[in-house]
Amino acid sequence: MSLLVVGLSHRSAPVSVLDRASLSLDAQTKLLQDAVAAEPATEAAVLATCNRIELYADVDKFHAGVAELSTLLAQHSGVGLEELTPHLYVHYEDRAVHHMFSVACGLDSMVVGEGQILGQIKDSLARAQELHTAGRLMNDLFQQSLRVGKRAHSETGIDRAGQSLVSFGLEQLALGTPVPAWARGKKALVIGAGSMSSLAAATLARAGVSEIVIANRTADRAERLAALLGEQYGGRPAEDDGTGVSARAVPMGSVPFELTRADVVVSCTGATGLVLTAGAIAAGVEGRIGAQPEAPRDEVPDAVRGEVPEARTAPLPPVSTGTDEDCPLDLTSVPPGFSVMGEAAVAGMDAATLEQHATWAAGSAVDRRRAGRRGVDAEGTDPELIGALAATAASAGRIPERRRPEPAAEPPRPEPVLHLLDLAMPRDIDAAAHRLAGVRLVDIETLAEASADAPMAADVDQVRRIVSDEVAAFGAAQRAAHITPTVVALRTMAADVVAGEIARLEGRLPGLDDKHRAEITQTVRRVVDKLLHAPTVRVKQLAAEPGGAGYADALRTLFDLDPETVASVSRAEESNEKNAKNATIANIAENRGPA
C-alpha cells in the first residue's frame with residue numbers, strides 16, 4: 001500500500017473554483033465513507049480549509065487511485081470532473097509526505113508560516129478516526145505532521161514570516177496602519193461561532209476594539225463564545241481608554257440592525273449561500289451615515305458625477321482647402337477630429353511658417369463657411385486670428401506651445417465607514433460590495449493577491465530543511481515498520497523450531513533433570529538468537545532505505561514464511577495499538593470528569 005493525495009488549493013485553482021468546490025461537514029463525511037468503500041483505497045482522510053481541499057488515501061494502485069479519488073472529489077464538490085481536473089494536483093509516496101509536512105509547517109499556506117493549519121489538521125484526523133477511515137498510515141502521517149509543524153514553529157522564526165489568516169486580513173483592512181491603532185475603539189460584528197470566527201473575535205479583542213457582537217444561527221454557541229470573550233477580555237483594560245471589551249450574542253435576524261452600528265464585520269460561516277448581500281450592506285451603510293440628497297442631473301458638474309466632459313474638437317476640414325503643397329502641415333498624418341487651423345495646430349511655428357499657414361487657411365472662404373457650419377469654433381478657423389498669431393510670432397519669434405486641457409479626474413472614493421472581512425469558502429459576503437461607496441471588503445481573493453507580494457522570511461529555508469529531514473525519517477520508519485511483521489514471524493518460527501527440538505530431546509532423554517533441561521533449552525535459544533540477530537537487524541536497516549520494501553519479500557521467500565502468519569502479526573499489532581489508544585482516551589475522559 002502507498003500514500004496518495006489528490007487535491008486543489010489557492011496555488012492551483014482560482015478562488016471561484018475553490019468557492020464552488022468547498023465541502024460541508026456532511027459532504028466530507030460522505031466523501032470519506034465513499035473513499036474507503038472504493039476498491040483502490042483502504043483508509044482515507046480529508047483536509048478541507050478555506051483555501052484547500054485534499055483527499056489523502058492509502059492505495060494499492062496508483063493510476064486507479066488517482067482516477068477514483070479525482071472522481072470522488074468531483075462528485076462530492078459538485079464541480080464537474082472536466083472542469084475540476086486542470087486544477088487538481090497529485091502527490092505520491094514520499095512526495096505526498098513532503099507535501100503534508102509542508103502544509104503543516106505553513107509553507108503552503110496563503111499566509112506563509114501561519115499556525116492555524118495545525119488545528120485544522122488535528123480536526124481532520126479526529127474526524128477520520130471517528131468515522132473509522134483512518135488506519136495506521138493516516139494516523140502516523142497526520143500525527144507526525146503535527147509534530148513536524150510544532151517543531152518548525154519552535155525551532156525557527158517561521159512565525160515572523162506569517163500569521164493567521166485573520167491577522168493578515170485585518171492588516172489588509174487597516175491599509176498600512178498598525179492593527180491595534182486602527183481597531184482601537186471600533187465596534188465589531190462577528191458572524192459565525194466556529195474556530196475561524198472565534199479566532200477572529202479573540203484577535204479583535206486583543207487589538208483593542210470596544211465591542212464585539214457575535215451572530216450565529218445556533219444561539220447557544222454564540223452565547224458561549226460571547227461569555228468566553230467577556231471572561232478573558234472583558235476585565236482587561238483596552239489600550240489607552242481604560243475600558244473593557246464588551247461582548248454579547250445576537251440572533252442572525254439582528255444582523256441588519258447591527259450593520260448600522262458596526263465598524264468592522266468578520267464573517268466565516270458554513271453557509272452555502274450569501275450571508276450578506278450587497279443590498280443589505282448598502283442599507284446598513286445608509287442607515288449609519290444617512291442618505292445623501294442627490295442634486296438634479298443637469299445641475300451636477302461632470303467632475304462630481306465622475307464623468308469626463310466631451311472634448312470640444314473641431315472636425316477636420318476638407319483637404320480641398322488650399323493644396324497639400326501650400327499647407328506647412330503633413331495632412332496625411334493629421335488624426336481625425338483635430339483642427340488643422342486651431343491654436344494647437346500652429347503652436348510652436350516660427351513667423352515664416354505661420355504666415356504660410358495663414359495664407360493656406362485663407363485660400364477658400366467657401367470652405368471656411370462650410371467648416372463653420374460643421375461646428376468649427378470661430379476662434380479656431382478665423383484667418384484674422386491666425387494673422388494676429390503671425391504678428392505675435394514676428395515680435396516674439398515663436399508661439400509658445402499650449403497643451404490641451406487635462407480631463408477631469410474622477411473624485412476619490414469616500415473613506416470607508418464599514419470594513420468587511422470575508423474568510424468563508426464559499427464566500428459569505430457578496431462580491432458586489434467591492435463597488436459600494438463607504439465600504440471596504442477584503443475576501444479570500446483579495447488575500448490571495450496580497451499574499452503573493454508578502455516578503456518571505458529567511459527562516460523559511462530552515463523550515464524546508466526540517467521538512468526534508470522529517471520526510472526522510474518518516475519514510476525510513478514506515479519502511480522499517482513494513483518489515484517488522486516479517487521479522488516477528490521469522491522469530492516466531494525460530495522459537496517454534498526450538499520448542500519442537502527440546503520436546504524431541506526430552507523424548508530421547510526421559511531421565512533428564514530440570515536443571516540440565518533448562519540449561520540445554522537456554523543454550524539452544526541463545527544459538528538461534530545469535531544466528532538471527534545480525535540478519536534481522538541488517539534487514540531492518542536495509543528496508544529503511546529508499547527502495548528497501550523488497551527485503552520483506554526476500555525474507556519471506558528465503559525462510560518460507562507463511563504469508564498468513566505475517567498478516568496475523570500485523571493485525572495483532574494494529575489491535576494492540578487501538579486498545580492502547582482507547583485506554584488513553586478513557587483515562588483522559590475519566591480525569592476530566594463529567595462535562
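**Reading sheets, helices and burial in a predicted model**

Modeller: Let us begin with one pair of residues: Glu54 of strand 3 is the bridge partner of Gly7. Please keep in mind throughout that this is a predicted model.

Colleague: How should such pairing be read, and how many bridges join strand 1 to strand 3?

Modeller: In general, the strands of a sheet are paired by backbone hydrogen bonds, in either a parallel or an antiparallel manner. Here, strand 1 (residues 2-9) and strand 3 (residues 52-59) run antiparallel and are joined by 8 bridges. Another pair along this ladder is Leu4, whose partner in strand 3 is Ala57.

Colleague: Which residue stands opposite Ala57 in strand 3, on the side of strand 2?

Modeller: That residue is Ala44. Strand 2 and strand 3 are paired over 8 bridges in the antiparallel sense. The two strands also form a hairpin, with 2 residues between them.

Colleague: In what order do the strands of this sheet lie, and which stand at the edges?

Modeller: The order is 2-3-1-4, in an open sheet of 4 strands with antiparallel pairing. Strand 2 (41-49) and strand 4 (89-92) are at the edges; each has a single partner strand, so one side of each has no neighbour in the sheet. From one strand to the next, the twist averages 15 degrees.

Colleague: Are the residues of strand 3 buried or exposed?

Modeller: Burial is judged here by relative accessible area, with buried meaning under 20%. By that criterion, 8 of the 8 residues of strand 3 are buried. The covering applies to both faces: Arg52, Glu54, Tyr56 and Asp58 are buried on one side, and Ile53, Leu55, Ala57 and Val59 on the other.

Colleague: Which helix lies across strand 1, strand 3 and strand 4?

Modeller: It is helix 3 (residues 62-77), which runs at about 35 degrees to strand 1.

Colleague: Let us turn to the parallel sheet. What is its strand order?

Modeller: This open sheet has 6 strands in the order 7-6-5-8-9-10, with parallel pairing. Strand 7 (246-250) and strand 10 (439-442) stand at its edges, each with a single partner strand, so one side of each is left without a neighbour in the sheet. The twist from one strand to the next averages 15 degrees. As an example of the pairing, strand 5 (residues 187-191) and strand 6 (residues 211-215) are joined in the parallel sense over 5 bridges. Within strand 6, Ile212 is the bridge partner of Ala188.

Colleague: Which strands does helix 9 lie across, and which does helix 12 lie across?

Modeller: Helix 9 (residues 165-174) lies across strand 8 (264-267), strand 9 (418-422) and strand 10, at about 150 degrees to strand 9. Helix 12 (residues 219-233) lies across strand 6 and strand 7, at about 175 degrees to strand 7.

Colleague: How is the packing of one helix on another read, and at what angle do helix 22 and helix 23 pack?

Modeller: A pair of packed helices is described by the angle between the two axes and by the distance separating those axes. Helix 22 (residues 459-508) and helix 23 (residues 514-544) pack at about 160 degrees, and their axes are 10 Å apart. Helix 22 is therefore roughly antiparallel to helix 23. Their contact residues comprise 16 nonpolar, 3 polar and 7 charged. The crossing of these two helices is right-handed.

Colleague: What does Ala152 contact beyond its neighbours in sequence?

Modeller: Ala152 belongs to helix 7 and is buried, with a relative accessible area of 0%. Apart from neighbours within four places in sequence, Ala152 contacts Cys105, Ile158, Val463 and Ile466. Ala152 and Ile466 are 314 residues apart in sequence, and their C-alpha atoms are 7.1 Å apart in space.

Colleague: Is His153 buried or exposed?

Modeller: His153, also found in helix 7 (residues 136-155), counts as buried at 14% relative accessibility. Its contacts, again leaving aside neighbours within four places, include Cys105, Glu114 and Asp159.

Colleague: Finally, how many residues of helix 5 are buried?

Modeller: Helix 5 (residues 94-104) is mostly covered, with 8 of its 11 residues buried. Among them are Val97, Phe101 and Ala104. Just after helix 5, Gly106 adopts a positive phi of about 85 degrees.

How values were computed. Residues are numbered from 1 along each chain as its sequence is written. This is a predicted model: local features need pLDDT of at least 70, side-chain atom pairs count only at pLDDT 80 or more; totals for chains, interfaces and linings use all residues. Side-chain values use heavy atoms; hydrogens and water are left out. Two strands pair if DSSP finds at least two bridges between them. Axes are lines fitted to C-alpha atoms, for helices over the stretch in contact, and angles run from 0 to 180 degrees between N-to-C directions. Contact means heavy atoms within 4.5 Å. Angles under 35 degrees count as roughly parallel, over 145 as roughly antiparallel, 65 to 115 as roughly perpendicular and the rest as oblique. A crossing is left-handed if the near helix is turned anticlockwise from the far one by less than a right angle, and right-handed if clockwise. Ala, Val, Leu, Ile, Met, Phe, Trp, Tyr, Cys and Pro count as nonpolar, Asp, Glu, Lys and Arg as charged, and the others, Gly among them, as polar. Buried means under 20% relative accessible area, exposed over 50%, partly exposed in between (1.4 Å probe, protein chains only).
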